[in-house]
Amino acid sequence: MTSISVDKDIAERWSRKAQERGRAVIDFTNEQLSMNLERYEKLRLLVPNYTYSIGDDYLHVICHKEKATFSIRAKDSHLFCEEDNSTECFHVIYALATPEVNKLWLKQPRFHATASDPKESPSF
Ligand SMILES: [Zn+2]
């Protein structure tokens, strides 16, 4: 067992989410972290020629085989690949499989809606 520190507001939101899911915080945390670790490992196994990095507005998908980088950003309610001018290319699909993809959505104004304003909530 290891202890970590997180920001208070995140801890409170996390605790509420665990409660919503009917899980103890420690069980919920272990499950979520385990799933993210699996996601990293599966992505690396399934797409070994690709890696990625994430910036403030872009997730850069790096294809080592083609020696090319593809810039993915959130655009309206989709992800958009700048190089392919597409919302459906493999680079977008790859980006969607990364745990960090949510950082792109967080910049979208519609994702800052409050729970009391459901019409402003994001839809997928
Ligand atoms: Zn692409």
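**Close-up views of the four-stranded sheet**

**View A. Strand 1 pairs with strand 2 in this predicted model.** In strand 2, Leu-59 is the bridge partner of Ile-54. Val-61, also in strand 2, is the bridge partner of Tyr-52. Strand 1 and strand 2 (residues 59-63) are antiparallel, and 5 bridges hold the pairing. The connection between strand 1 and strand 2 is a hairpin of 4 residues.

**View B. Strand 2 is also joined to strand 3.** The two strands run antiparallel, with 5 bridges between them. Ile-62 has Thr-69 of strand 3 opposite. The hairpin of strand 2 and strand 3 has 4 residues between the strands, and Lys-67 takes a positive phi near 50° there.

**View C. Strand 3 and strand 4 form a hairpin.** Between these strands lie 2 residues, and Asp-76 in the turn has a positive phi of about 55°. The pairing of strand 3 with strand 4 is antiparallel, over 4 bridges. Opposite Ala-74 stands Leu-79 of strand 4.

**View D. The 4 strands make an open sheet.** Their order is 1-2-3-4, and the pairing is antiparallel. Strand 1 (50-54) and strand 4 (78-81) are at the edges; each has a single partner strand, so one side of each lacks a neighbour in the sheet. From one strand to the next, the twist averages 25°.

**View E. Helix 3 lies across the sheet strands.** Helix 3 covers residues 90-97 and lies across strand 1, strand 2, strand 3 and strand 4. Relative to strand 4, helix 3 runs at about 130°.

**View F. Phe-70 is placed in strand 3.** Strand 3 spans residues 68-75. Is Phe-70 buried or exposed? Phe-70 is buried, because 24 other C-beta atoms lie within 10 Å and the cut-off for a buried residue is 20 or more. Leaving out residues up to four places away in sequence, Phe-70 touches Val-61, Cys-81, Glu-83 and His-91. Of these contacts, Val-61 is the bridge partner of Tyr-52, and His-91 falls within helix 3 (residues 90-97). Tyr-58 is 12 residues from Phe-70 along the chain, and the C-alpha atoms of the two are separated by 9.5 Å.

Conventions:
Residues numbered from 1 in each chain as written. Predicted model: local features only at pLDDT ≥ 70, side-chain atom pairs only at ≥ 80, totals over all residues. Buried ≥ 20, exposed ≤ 12 C-beta atoms within 10 Å, placed from the backbone. Contact = placed C-beta atoms within 7 Å. Pairing = 2+ DSSP bridges. Axes fitted to C-alpha atoms, helices over the stretch in contact; angles between N-to-C directions.
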